[in-house]
Amino acid sequence: MKKYVYFFGEGDASMKMLLGGKGANLAEMTRIGLPVPPGFTISTEACHHYYKNNETWPEGLEEEVKKNLIELEKKSGKKFGDPVNPLLVSVRSGAPASMPGMMDTVLNLGLNESSLQGLVKLTGNERFALDCYRRFIQMFGDVVMGVDHDKYEEILSDVKKQVGVNLDTDLTAEDLKVVISRYKELYKKVTGEDFPQEPFDQLKKSINAVFSSWNNKRAITYRKINKIPENWGTAVNVQMMAFGNMGNDSGTGVGFTRNPSTGIKEFYGEYLLNAQGEDVVAGIRTPKPIKDMGQDLPEDFEELKKIYSILEEHYRDMQDFEFTIEKGKLYMLQTRTGKRTTQAAIKIAVDMVSEGLIDKKTAVKRIDPASLNQLLHPQIDRSVPLRVIAKGLPASPGAASGKVYFDADDAEREANEGTKVILVRPETTPDDIHGVVAAQGVLTSRGGMTSHAAVVARGMGKPCVAGCEAVVIDLDKKQFQVNSLVVKEGDYISIDGGKGEVILGQAKTIPPQLSEDFQKLLGWADSIRKLGVRANADTPNDARKAIEFGAEGIGLCRTEHMFMAPDRLPAVQEMIIAQNVEERKKALAKIEPMQKGDFKEIFKVMEGKPVTVRLIDPPLHEFLPKLEDLLVEVTTLRVKGISGSELEEKEKMLKIVRGLHEVNPMLGLRGCRLGIVYPEIVEMQVRAIIEAACELDKEGVKVLPEIMIPLVGHQNEIKIQKEILEKVAKEALDRHQSKVQYKFGTMIEIPRAAVVADQIAEYAEFFSFGTNDLTQMTFGYSRDDAEGKFLFFYEENGILPEDPFQSIDLDGVGELMKMGVQKGRQVRPDLKCGICGEHGGDPKSVMFCHTIGLNYVSCSPFRVPLARLAAAHAVIEEEGKVKDTSKFDK
């Protein structure tokens, strides 16, 4: 019969897919001799069966659970449900990937009226036993039976108010009896039944609740954000309770072996005396820094520091662990690879290489390319006056400004309308995940550096200020107060997650400074990768930024962006409205020196590096006033009785715009078609490019221009264009007596071009895949309409696995790209192939580009570091997945 249950120690850390991350690591810690409370793990395979079979257990699971309960009783010396020496357990989730706080937990399970009395006698501490029972009733009611958590909290607050205390720990045993009685009344009112007294019934229902929590709203949201497969399921860990709430010689805490915000090697974390683990991570009480534990519990602190070293040496990565101290005895409840900011991840990876714990390829592999966006977030400009109104804990670095909203639903709604939002909460819970996703940053008045808000914000790269007690929040009035200052919903604040500051108004921000570790890691990535990385850059400033981020050239310089400048638009419009070739050339003569100047500046910045210049691509009407606006203006002038030159000019422009109007301009007179119909436009552009190169060549500046003809779908189009433009280029070279080398190529963005790439390659010296248009034309989607109207619905309902404009559609668009490369190189073996669509900065797409043998990817300057790292990951993956020396990062 299939095995579904594994006692701690039967498995190890490599079994994450079967035992979940938590179960695998509990088994591993048990195996290496750390003080782990005994327990067992119900595998993810049981969860799969549960969902496939109408939420029922597989055959034999109940017997296995009972058998392992007996083993747990032997290990603990206690009996489950026993009125004399009761065994209490925790029931926790544990997916293969870390999902902090997203699924459910039940603590103190096994308590009933009988075992409660046994716990009182066993510990001699009635208050402690009653505290455990009231916690169990609340968690079981909330997690298992759906009794509103807040209703329990209202009862607890009401009793505290009645007896005149502020903290839960100030309630006496008699007070807790009142709380328990009222909790039970609430439970029966909501569920229609008494609170269950049979321990195995409690356990079975709790296991089902943990299985079911795999598909709760917050878990689904978290999986989508972090691309965790839905079919993984969760394991369930049943473990002997260790009690941190037995007095001031007990406690609970969360620690990291290095600082998860900065990466500094220090003992980092928080703890609470006389508390259970949920009190720390839920942010209900603001915990103390772990370093203070040396004064409160010195012996346990020394043992914990030794374990901290053992964990790092064993796992060879920064660990996030939970512990409980029961009457002076330390227990390790969990360890996992710690979530960290990208800044910290890079420092930790680089430091661990220098410490000899890992090698350079492992260090490169550990940094998620997409996460590099975190490093490019702006920082607060400290050179201008700031009104800092409060200070909390620097829980997640970065800076953000936005309008204050106090409810996750409200924050999400406003963000969907385009508003920048700061989510402000007393503390966040997993149910607020959608609000955190929508917000620019998070501010909480309670909770610490390891609270839910802090951990989730760090994982998303959003700034967070936590535990800001000076911020007094009134959720009913939708406002917060700092001393006499009141900030209402919709008011602007800024937060600095690196300093823990709350700033009134919209603070000015500046670009971040990139660390030496960052540059070092990217240098390692560059030594591994095979793909070149270029940038899409249309201005000298873009080009300078591209160089700063390590671009090896420009893969796309869009000439039409230069036309849009206010001082050039009149000349461009004059060219468009010209009635004949001579008039058009006269207008182009005004534009040409501007174009040449632009190219010279960009070529200077990119000295010695290739620059791919795309000839004019959009339809001409984009440079003219909108048809609708002109109609309104002309109609208004007529209604007002205004005539003369003003009306004549507007009517003339309206006639021209109407003439250029197309039913579907995406598929109309643009790209190479425009150059074929009006060759004088692209002749001017090529002349400007080559003359700029020749003039710089005379100055000793090496220039490598690559001229790209867009939107080619038929070999005759590139043949005609190339013949005309080669003549212009050679004339310019002859005039300057120059030998500047240049190439003509094309953008593959029409499906037909990929299918007949062998024909097109007879004339093109390079291909650059324009995957934005290629995706639009392959799917038949208008990107602007699709993303706003139905793509989200398609993703939500599994019609498409992901947005094809974000990540290359491998089965359709990808196959066309592969065909284009193969057929093109059949004719021209040295054909250079690249990509310049938005996908050039998407890690998954970069991996694909490496696989099909492209020479380079090109993306926006700020995504160049991401592409450099992703290209290195592609090589590591191809090499058969270099074995991570941590052993457990499978």
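This section describes the fold, strand pairing, internal space and unusual backbone angles of a predicted model.

The protein chain contains 35 helices and 33 strands. Its C-alpha atoms fill a box of roughly 105 × 65 × 55 Å along the principal axes. The chain has 890 residues, and 57% of them count as buried. Contacts in the protein chain were taken at a separation of 6 or more. Of these, 70% link residues 24 or more positions apart.

An open sheet of 8 strands was found, with mixed pairing. The strand order is β14-β24-β23-β16-β17-β18-β19-β15. β14 (388–391) and β15 (393–396) stand at the edges. Each has a single partner strand, so one side of each is left without a neighbour in the sheet. On average, neighbouring strands of this sheet are turned by 30 degrees against each other, direction ignored. Helix α15, residues 408–416, packs on the sheet. The helix touches β16 (399–405) and β17 (421–425). The direction of α15 makes about 180 degrees with that of β17. Elsewhere in the strand order, β18 (residues 441–444) and β19 (residues 464–466) run parallel. They are joined by 2 bridges. In this pair, L443 has V465 of β19 as its bridge partner.

A further set of pairings involves strand β28, residues 610–614. This strand is mostly covered, with 5 of its 5 residues buried. P610, T612 and R614 point one way from β28. V611 and V613 point the other way. Residues on both sides are buried, including the charged R614. β28 pairs with β27 in the parallel sense, over 3 bridges. Here C557 has V613 of β28 as its bridge partner. β28 also runs parallel to strand β29, residues 704–709. These two strands are joined by 5 bridges. Within that pairing, V611 stands opposite P705 in β29.

Strand β27 (554–558) also contributes to an open space in the model, supplying at least two residues to the lining of the second largest pocket. This pocket has a volume of about 960 Å³. Its lining comprises 34 residues. M666, R670, N772, D773 and Q776 lie nearest the pocket centre. Besides β27, three helices each supply at least two lining residues: α20 (560–563), α30 (771–779) and α31 (783–789). α30 gives the most, with 5 residues. By class, the lining of the second largest pocket has 11 nonpolar, 11 polar and 12 charged residues.

Enclosed space was also found. The structure holds 5 cavities of 30 Å³ or more. The largest cavity contains about 90 Å³ of space. It is lined by 11 residues. Nearest its centre lie R92, M241, A242, T324 and L333. The elements giving two or more residues to this lining are β5 (89–94) and β7 (235–240). By class, the lining of the largest cavity has 5 nonpolar, 5 polar and 1 charged residues.

Two loop residues have a positive phi although neither is a glycine. For R316, phi is about 55 degrees. R316 lies in the loop between α12 (298–315) and β11 (319–326). Its relative accessible area is 31%, so R316 is partly exposed. For Q737, phi is about 50 degrees. This residue is found in the loop between α27 (715–736) and β30 (743–748). Q737 counts as exposed because its relative accessibility is 75%, and the cut-off for exposed is over 50%.

Notes. Residues numbered from 1 in each chain as written. Predicted model: local features only at pLDDT ≥ 70, side-chain atom pairs only at ≥ 80, totals over all residues. Heavy atoms only, no water. 1 Å grid on protein atoms, 1.4 Å probe; cavity = no way out; pocket = protein on both sides within 12 Å on 5 of 7 lines; lining within 4 Å. Points joined across faces, edges and corners; volume = space filled by probe spheres on them. Helix = DSSP H or I, 4+ residues; strand = E, 2+ residues; numbered from the N terminus. Pairing = 2+ DSSP bridges. Axes fitted to C-alpha atoms, helices over the stretch in contact; angles between N-to-C directions. Contact = heavy atoms within 4.5 Å. Buried < 20%, exposed > 50% of the residue type's maximum accessible area, 1.4 Å probe, protein only.
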